[in-house]
Amino acid sequence: MNLYEVVRWGNDTTDPFTGGPNGPDTCFLVRATSVAEAGALADIELARRTSPSVDHWAGAVHLLGADASQDSAPRILRGPYVQHAYCHGWQAWHRNGPEEAWALLERGPGAAG
């Protein structure tokens with residue numbers, strides 16, 4: 001199993017300064033066997049949100065590392081939590097819509113996260 005941070009751009013709050021699509025992002029810490037599985041688990045939670053100003057699906061997944069726990073069930077371990085999502089150099093996948101496949105974000109030599 002791997003640990004992923006799954007990101008939906010923006011958040012559900014209605015605060016005019018920190019809410020909506022340009023505010024801090026909605027994130028989940030997910031244990032899953034693949035990027036697609038991690039994204040799907042977060043999408044289920046995001047589909048329950050009713051905000052009209054942000055998407056109801058995840059737009060990015062970051063691979064954080066391997067999960068060493070004895071529990072092997074794929075699931076959301078934490079979230080949703082709201083923070084600015086930075087890649088920090090992790091391997092990352094993006095998509096532009098819920099029907100799209102996850103695409104590995106290509107980085108040039110020496111590129112920062």
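Which residue stands opposite Leu3 in E3? Gly65 in E3 stands opposite Leu3, and the legends below place this pair in its surroundings.

The structure is a predicted model, in which local features need pLDDT of at least 70 and side-chain atom pairs count only at pLDDT 80 or more, while totals for chains, interfaces and linings use all residues. Residues are numbered from 1 along each chain as its sequence is written, and side-chain values use heavy atoms, with hydrogens and water left out.

**View 1. Six strands form an open antiparallel sheet.** Strands (E, at least two residues) and helices (H or I, at least four residues) are DSSP runs, numbered from the N terminus. The order of the strands is E4-E2-E1-E3-E5-E6; two strands pair if DSSP finds at least two bridges between them. E4 and strand E6 (103-104) stand at the edges with a single partner strand each, so one side of each is left without a neighbour in the sheet. Helix H1 packs on the sheet and touches E1, E2, E3, E4 and E5. The direction of H1 makes about 130 degrees with that of E2, where axes are lines fitted to C-alpha atoms, for helices over the stretch in contact, and angles run from 0 to 180 degrees between N-to-C directions.

**View 2. Bridges join E1 to E2, E1 to E3 and E3 to E5.** E1 and E2 run antiparallel and are joined by seven bridges; Val30 in E2 is the bridge partner of Tyr4. Six bridges pair E1 with E3 in the antiparallel sense. E3 and E5, also antiparallel, are joined by four bridges, and Leu63 stands opposite Gln91 in E5.

**View 3. Helix H1 spans residues 35-47.** The expected span of a helix is 1.5 Å times one less than its number of residues. For the 13 residues of H1 this gives 18 Å, which agrees with the 18 Å between its end C-alpha atoms. Val35, Ala38, Gly39, Ala42, Asp43 and Leu46 of H1 are buried, where buried means under 20% relative accessible area, exposed over 50% and partly exposed in between (1.4 Å probe, protein chains only). These buried residues cover an arc of only 135 degrees around the axis, which puts them on the same side of H1; the arc is that of the directions from the helix axis to the C-beta atoms. What covers them includes strands E1 (2-8), E2 (25-32), E3 (60-66), E4 (75-83) and E5 (91-94).

**View 4. Cys27 and Cys87 are not joined by a disulfide.** A disulfide is a pair of cysteine sulfur atoms within 2.5 Å, and the structure holds zero of them. The sulfur of Cys27 is 12 Å from that of Cys87, its closest cysteine sulfur, which is too far for a bond. Cys27 is buried at 0% relative accessibility, and Cys87 also counts as buried, at 8%.

**View 5. Asp67 lies in the loop between E3 and E4.** With a relative accessible area of 19%, Asp67 is buried. Leaving aside neighbours within four places in sequence, Asp67 is in contact (heavy atoms within 4.5 Å) with Met1, Asn2, Leu3 and Arg31.

**View 6. Ala101 is found in the loop between E5 and E6.** Ala101 counts as exposed, at 63% relative accessibility. Not counting residues up to four places away in sequence, Ala101 touches His94 and Arg95. The C-alpha atoms of Ala101 and Val35 are separated by 9.9 Å, although these residues are 66 residues apart along the chain.
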